[in-house]
Amino acid sequence: EGLRDTGYNFETAVADLIDNSIAAEATKVDIQVALDFRGSTRLLISDNGTGMNRDGLIQAMQYGSPRRPDPASLGKFGLGLKTASTAFCRRLSLISRHSGEASAIMATWDLDHVIENRQWLLQMSDAPDDEGLQKLDEMAPEDSGTVVLWEKVDRLLKKYQDPTGAPARKALEKRCGELKEHIAMTYQRFLDGSDKRARDVEIMLNGEAVQAWDPFQTGIAELVAEDSPLVEEAGARFHVRAYILPRHDEFPNEELAKTAKLSSGRQGLYIYREQRLIHSADWLGMFQKEPHYTLLRAEFSFDHKLDDALHLDIKKSQIIL
């Protein structure tokens, strides 16, 4: 129960699972969040990455799973899958196969089962959840892939008198809208086919492709500062670029101005680790947000070699600068 309270919000939790898909070299990630006929929320995240055999599934479900061989991987601490998921659900399942010829296997952490038996009992099954298996077959037909399944979701929506009614569905729709916006910004460099800093990944949310959102409106905003100092102790460079966006009436058209999302709340540093946004629109205590800085957005990009120097947290959502 204590491990459920690690401070994740819904957007950072789902992003942690997307990180695992990208780390597994997936080119497609599909997210489905829906209420079933009983009013229970189910979330499925499926990908076509390198799947897992039985031993791999057990390792992935281990709290503090083995360090990935690639230190630049978006998955870092071996905790995110479990802590991000159980922050919102009481039953987490992984369904995976490591090749097209292999059968899918399912591993499940059910917190109620653990509590009832007073042991960390990971449930293994050769008969995966029907919907999860169907999503796996859709995402990676006759190939490797993985599905993450959340059930007993108890921390996403408040309790509604009618859990299947319009207010509950509207609330879930709002949460999904916020999630879509977060994914568009967090994985902008992966979603934008013209951006060569990161490899291309297609991310779908409830049947719709998520489009990249560039906070700097590159090509429209003015690049006013750029630097790439060397941190000698780490043998690594970080990159800083500062942009001043046009005022609303200076944009070429109304649509582009709307896309830029001009507001005082969007000013600040946008921090990227290995091309993935980890923290945004914040001066990290160095300055106060105020109207004169409304159009100023600055990029701070670094790679894994600076993780320790910048005190990256386990949610990969905050650094100390």
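These are my notebook entries on a predicted model, starting with its sheet and ending with a few single residues.

**Entry 1: the sheet**

I began with the strands. Eight of them form an open sheet, and I wrote the order down as β5-β4-β3-β6-β2-β1-β7-β8. The pairing is mixed. Which strands sit at the edges? Those are β5 and β8 (208–209), each of which pairs on one side only.

Next I looked at what packs on this sheet. Helix α1 (residues 10–23) does, touching β1, β2, β6 (145–153) and β7. Its direction makes about 30 degrees with that of β2. Helix α5 (residues 130–139) packs on the sheet as well, and I found it touching β1, β2, β3 (89–97) and β6. For α5, too, the angle with the direction of β2 is about 30 degrees.

**Entry 2: strand β1 and its two neighbours**

I then followed β1, residues 28–35, to either neighbour. How many bridges join β1 to β2? I noted seven, with β2 covering residues 41–47 and the two strands running antiparallel. Valine 33 stands opposite leucine 43 in β2, and alanine 34 has arginine 42 as its bridge partner there. The two strands form a hairpin with five residues between them. In that turn I stopped at glycine 39, which has a positive phi of about 90 degrees.

On to β7 (residues 202–205): here β1 runs parallel, and four bridges do the joining. Isoleucine 31 has leucine 205 as its bridge partner in β7.

A reminder to myself: strands of a sheet pair through backbone hydrogen bonds, either parallel or antiparallel.

**Entry 3: the nonpolar cores**

I wanted to know what fills the inside. The largest nonpolar core has 63 residues. Which residues have the most contacts inside it? They are Val14, Ile18, Ile31, Trp150, Ile183, Tyr187 and Ile203. Helix α6 (residues 166–186) gives this core its largest share, eight residues. Apart from this core lies another one, of 15 residues, and I spotted Ala236, Ala242, Leu310 and Ile319 among them.

I picked isoleucine 183 for a closer look. Leaving out residues up to four places away in sequence, isoleucine 183 touches Ile18, Ile31, Gln188, Leu191, Ile203 and Val210. Ile31 is also the residue I had met as a bridge partner of leucine 205.

I jotted down a general point as well: in soluble globular proteins, nonpolar side chains tend to be buried together.

**Entry 4: rings**

I counted the aromatic pairs and got 15. One of them is tyrosine 63 with tryptophan 109, a tilted pair at 6.3 Å centre to centre, with 55 degrees between the planes. The two rings are 46 residues apart in the chain: tyrosine 63 is in the loop between α2 (54–60) and α3 (80–86), while tryptophan 109 is in strand β4 (residues 105–110). Tyrosine 63 is partly exposed at 24% relative accessible area, whereas tryptophan 109 is buried at 8%.

Tryptophan 109 has a second partner in tryptophan 120. I noted that pair as edge-to-face, 5.4 Å centre to centre and 85 degrees between the planes. Tryptophan 120 lies in the loop between α4 (111–117) and β5 (123–125), and tryptophan 109 in β4, so the pair ties together parts eleven residues apart in sequence. Is tryptophan 120 buried or exposed? I have it as exposed, with a relative accessible area of 55%.

Elsewhere, ring pairs link Phe216, Tyr243, Tyr270 and Tyr272 into a cluster. I also looked for charges over rings. The charged end of arginine 189 sits over the ring of tyrosine 272, 3.7 Å from its centre. Another case is arginine 266, whose charged end sits over the ring of tryptophan 213 at 5.2 Å from the centre.

**Entry 5: two single residues**

Serine 46 is in strand β2. Why do I call serine 46 buried? Because its relative accessible area is 1%, and buried means under 20%. Beyond residues up to four places away in sequence, serine 46 touches Lys28, Val29, Asp30, Lys135, Met139, Thr146 and Val147.

Aspartate 55, in helix α2, is exposed with a relative accessible area of 55%. How far is aspartate 55 from threonine 83 in space? I noted 20 Å from C-alpha to C-alpha, with their positions 28 residues apart in sequence as the separation.

Methods. Residues numbered from 1 in each chain as written. Predicted model: local features only at pLDDT ≥ 70, side-chain atom pairs only at ≥ 80, totals over all residues. Heavy atoms only, no water. Pairing = 2+ DSSP bridges. Core = buried A, V, L, I, M, F, W, Y, C linked by side-chain atoms within 4.5 Å. Buried < 20%, exposed > 50% of the residue type's maximum accessible area, 1.4 Å probe, protein only. Contact = heavy atoms within 4.5 Å. Phe/Tyr/Trp six-rings, centres within 6.5 Å; stacked < 30°, edge-to-face > 60°. Lys NZ or Arg CZ within 6 Å of the ring centre and 35° of its normal. Axes fitted to C-alpha atoms, helices over the stretch in contact; angles between N-to-C directions.
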